[in-house]
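What follows is a walk through one protein chain, from its overall make-up to single residues. Please look at the structure first and keep it at hand while reading.

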Amino acid sequence: MTKVPAATDHPAGRPTDQGEDASPRPRNRRGQGLLLREEIVRAATALIVRTGSDQAVTLRSVAREVGIAAPSIYAHFPDRDAIVEAVVLEAIGQLHQAIATAVAAQEDPVESLLAGCAAYVDFGVREPARYRVLFGWAHPKSEDPAAEVPGREQGLGAFQTLVDGLGACVSAGRSSSTDTFADAVAIWTALHGQVTLRADLPDFPWPPTDIVERMTRSLGRIDS
């Protein structure tokens, strides 16, 4: 995604007019800088949720949402892309945690796999804007093949949970999969399709959400 410069960005990276950025806000007490950082991330998240796009995140819009002057942001984030990156990392972490919690709550390997897949779809359906930014936002540095992609490790960890879950089903004699990685990719593709299509076509007569279980059983080669 091409970076869209904030309307208030000076060519050197600083806003040129801060007089209208925000209403007065009490300064954080010493040691409360982390709280302001969290407020900035929450504000950016709120903007994304309301508009459905990270394009709404600019230094001025975030500052106005929090109730601070835009220059205060620089003590915590160098630019708007760093703010969006923080939102992405938080969303990935929460998605991964939701899946891990659902998986751990089941002892049966098949039920564990199904629970993890259901948790994935549930997060995407409940948080369509945050889910969309996970796949639709590209950090400028990502154009460099050697650059580390934000959230890559967490994202791969969530996918590995799916691979391991399917592998556990194979080990228990509950799945006939001979390539758990390829079959896990197929399941993930189907889950992602469910989330995005439900968000884009809300008026379509979608069948009950048990379709997620049917897809997972079929693509995971789960024996009845």
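Two residues are said to be in contact here when heavy atoms of theirs lie within 4.5 Å. The model is predicted. One residue shows how the term is used: leaving aside neighbours within four places in sequence, tyrosine 120 is in contact with Leu95, Ile99, Tyr131, Phe135, Trp188, Leu191, His192 and Val195.

The chain as a whole comes next. The protein chain has eight helices and zero strands, and its elements, taken from the N terminus on, run α-α-α-α-α-α-α-α. Of its 224 residues, 39% count as buried. Among the contacts with a separation of 6 or more, 69% join residues that are 24 or more positions apart.

Which residues have the most contacts inside the largest nonpolar core? They are Ile40, Val62, Ile73, Phe77, Ile83 and Tyr120, in a core of 57 residues. Two or more residues are given to this core by each of helix H1 (33-51), H2, helix H3 (80-104), helix H4 (109-126), helix H5 (128-136), helix H6 (152-171), helix H7 (180-200) and helix H8 (211-219). The largest share, eleven residues, comes from H3.

The start of the chain offers one example of residues brought together from separate places in sequence. Leucine 36 lies in helix H1. With a relative accessible area of 9%, leucine 36 is below the 20% cut-off and is therefore buried. Leucine 36 and isoleucine 73 are 37 residues apart in sequence, while their C-alpha atoms are 8.7 Å apart in space.

Helix H2 covers residues 59-66. How many of its eight residues are buried? Six are, and the helix is mostly covered. The buried residues of H2 are Leu59, Arg60, Ser61, Val62, Ala63 and Val66. Val62 has already appeared among the residues with the most contacts inside the largest nonpolar core. After H2 comes glycine 67, which has a positive phi, near 95°.

Now to the way helices pack against each other. Two packed helices are described by the angle between their axes and the distance between the axes. The axes of H3 and H4 come within 7 Å and cross at roughly 150°. Angles over 145 degrees count as roughly antiparallel, so H3 and H4 are roughly antiparallel to each other. Their crossing is right-handed. On the H3 side the contact is made by Ala91, Gln94, Leu95, Ala98, Ile99, Ala102 and Val103, and on the H4 side by Ser112, Ala115, Gly116, Ala119, Tyr120 and Phe123. By class, this contact of H3 with H4 has ten nonpolar, three polar and no charged residues. An α-helix has 3.6 residues a turn, so residues three or four places apart point the same way.

H5 and H7 give another arrangement. Their axes come within 11 Å and cross at roughly 130°, and H5 and H7 are therefore oblique to each other. H5 passes H7 in a left-handed crossing. Pro128, Tyr131, Arg132 and Phe135 of H5 make the contact with Trp188, His192, Val195, Thr196, Ala199 and Asp200 of H7. The contact of H5 with H7 has six nonpolar, two polar and two charged residues. Tyrosine 120 is in contact with residues including Tyr131, Phe135, Trp188, His192 and Val195.

H7 also packs with H8, at an angle of about 160° and with the axes 9 Å apart. H7 and H8 are therefore roughly antiparallel to each other. The crossing of H7 and H8 is right-handed. H7 takes part through Asp183, Ala186, Ile187, Ala190, Leu191, Gln194 and Arg198, and H8 through Ile211, Val212, Met215, Thr216 and Leu219. The residues of this contact of H7 with H8 divide into eight nonpolar, two polar and two charged.

The last stop is the segment after H8, where arginine 221 is placed. Most residues other than glycine have a negative phi, and most peptide bonds are trans. Arginine 221 has a positive phi, near 55°. Is arginine 221 buried or exposed? Its relative accessible area is 43%, between the cut-offs of 20% and 50%, so arginine 221 is partly exposed.

Key:
Residues are numbered from 1 along each chain as its sequence is written. This is a predicted model: local features need pLDDT of at least 70, side-chain atom pairs count only at pLDDT 80 or more; totals for chains, interfaces and linings use all residues. Side-chain values use heavy atoms; hydrogens and water are left out. Buried means under 20% relative accessible area, exposed over 50%, partly exposed in between (1.4 Å probe, protein chains only). Helices (H or I, at least four residues) and strands (E, at least two) are DSSP runs, numbered from the N terminus. A nonpolar core is a set of buried Ala, Val, Leu, Ile, Met, Phe, Trp, Tyr and Cys residues joined through side-chain atoms within 4.5 Å. Axes are lines fitted to C-alpha atoms, for helices over the stretch in contact, and angles run from 0 to 180 degrees between N-to-C directions. Angles under 35 degrees count as roughly parallel, over 145 as roughly antiparallel, 65 to 115 as roughly perpendicular and the rest as oblique. A crossing is left-handed if the near helix is turned anticlockwise from the far one by less than a right angle, and right-handed if clockwise. Ala, Val, Leu, Ile, Met, Phe, Trp, Tyr, Cys and Pro count as nonpolar, Asp, Glu, Lys and Arg as charged, and the others, Gly among them, as polar.
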